[in-house]
Amino acid sequence: MSSGVGQVVENKQVRLKRYVKGFPVESDLYVTSDNTIELRVSDGSPEGTTLVKNLYLSCDPYMRFRMGESQIGEFPSFTIDAPIDGFGVAKVLDSKNPDFKVGDLIWGRIKWEEYSLITKPEGFFKIQHTDVPLSYYTGILGMPGITAYFGFNEVCSPKEGEYVFISAASGAVGQLVGQFAKLKGCYVVGSAGSKEKVELLKTKFGFDEAFNYKEEHDLVAALKRFFPEGIDIYFENVGGKMLDAVLLNMRVQGRIAVCGMISQYNLDHPEPVYNLMSVIYNRVRIEGFISFDYFSRYSEFVDAVLPYIREKKINYVEDVVEGLDSGPAALVGLFSGRNIGKQVVAVAHE
């Protein structure tokens with residue numbers, strides 16, 4: 001056992017205060033220290049139980065679904081006055097799981113708290129490579145990376161020379177999709193919500209072009225300007241008016257991978273999409289997917305992406321805030337575009 005195991009300590013948590021309608025605000029969540037935890041796995045705990053110290057927590061747009069009262073697909077609502085959960089990186093302090101030894105680093109879905117008892121080890125991955133920042137396992141080597149890699153390479157079926165458009169392109173997923181597309185030999189354009197993010201896409205991530213959608217009065221015309229011959233692949237992160245404009249700019253046999261629709265998450269009534277007829281006459285394939293579809297292929301993903309990171313063929317930008325107290329602001333900031341790159345909460349450092 002590691003030093004400190006067996007002590008009873010304060011266990012700070014981030015909890016949901018109320019179910020959210022519209023845009024979330026910081027006060028929808030609260031931080032409390034009224035919980036304690038014993039730093040050991042008790043003798044009566046089920047086999048597989050693991051005690052961990054949480055190091056990094058991931059802020060992801062899908063978490064907005066879970067702040068609402070109704071379950072959407074595979075995303076159950078958070079429980080009021082209970083800690084929220086999401087993907088994160090943790091260090092094993094004590095374990096009855098033969099796969100996880102004391103001192104191991106793992107990532108998976110964990111509660112937003114300083115220490116967690118994991119009773120269902122399914123869905124957790126042991127971190128084998130520590131020559132890259134551990135926070136990367138909330139992003140490029142975690143759920144967003146899986147989403148970007150398989151969403152682009154499998155769902156989109158890209159070919160060299162094709163024209164690719166990515167919305168919310170500076171986010172955790174978008175920045176990776178663009179770089180995977182460039183590695184494939186595609187022409188890549190991204191949209192983002194600020195001048196700073198647009199410059200990042202072109203200078204840091206190597207996009208061929210990028211634009212600030214907030215400065216465009218006519219999205220259809222903007223896309224026509226960047227794609228005079230049309231779009232082969234659209235990686236969808238936004239929905240609404242952006243999707244409607246893209247539909248009028250798709251090429252024949254184009255593909256749209258639907259990863260998210262962040263513009264719709266906070267609306268009581270989603271915006272209508274009017275241009276679906278173009279799906280018919282341009283024979284466009286639209287396919288939705290979630291990262292869980294590809295978790296069973298995680299080792300394949302790491303083998304493919306880790307060399308790109310080590311050889312600096314892929315850049316990755318993180319926006320890291322320190323401490324659980326910063327968690328509520330970081331999470332709700334996703335929905336106003338406050339973050340630059342992947343939003344991460346550093347709970348503790350190894």
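**Notebook: helix α3, Val345 and a surface patch**

I began with helix α3 and looked up what its buried residues pack against, which turned out to be α2 (143–155), β10 (163–166), β11 (187–192), β13 (231–236), α8 (298–310) and β17. I note here that the model is a predicted one.

I then asked how far the helix is enclosed, and found that 8 of the 10 residues of α3 (residues 174–183) are buried, so the helix is largely enclosed by the rest of the structure. The buried residues, as I list them, are Gly174, Gln175, Leu176, Val177, Gly178, Gln179, Phe180 and Ala181. Just after α3 I came to Gly185, which takes a positive phi of about 90°.

Since β17 is among the elements that α3 packs against, I went on to Val345, which I located in that strand (residues 342–346). I count Val345 as buried because its relative accessibility is 0%, under the 20% cut-off for that class. Setting aside neighbours within four places in sequence, I find Val345 in contact with Leu55, Tyr56, Leu57, Cys59, Trp112, Val321, Gly323, Leu324, Gly327 and Ala330. I also looked up the C-alpha atoms of Val345 and Val320, which are 25 residues apart along the chain and separated by 5.7 Å.

Last, I turned to the surface, where I noted a nonpolar patch of about 440 Å² made by Leu248, Met277, Ile280 and Tyr281. Of these I followed up Leu248, which I place in the loop between α6 (240–247) and β14 (250–258). Leu248 has a relative accessible area of 40% and is therefore partly exposed.

Technical notes: Residues are numbered from 1 along each chain as its sequence is written. This is a predicted model: local features need pLDDT of at least 70, side-chain atom pairs count only at pLDDT 80 or more; totals for chains, interfaces and linings use all residues. Side-chain values use heavy atoms; hydrogens and water are left out. Patches are made of residues with over 30% relative accessible area and no salt bridge: like charges are joined within 9 Å, nonpolar side chains (Val, Leu, Ile, Met, Phe, Trp, Tyr) within 5 Å. Accessible areas come from the Shrake-Rupley method with a 1.4 Å probe; for residues, only the protein chains shown count as cover. A salt bridge is a side-chain nitrogen of Lys or Arg within 4 Å of a carboxyl oxygen of Asp or Glu. Helices (H or I, at least four residues) and strands (E, at least two) are DSSP runs, numbered from the N terminus. Buried means under 20% relative accessible area, exposed over 50%, partly exposed in between (1.4 Å probe, protein chains only). Contact means heavy atoms within 4.5 Å.
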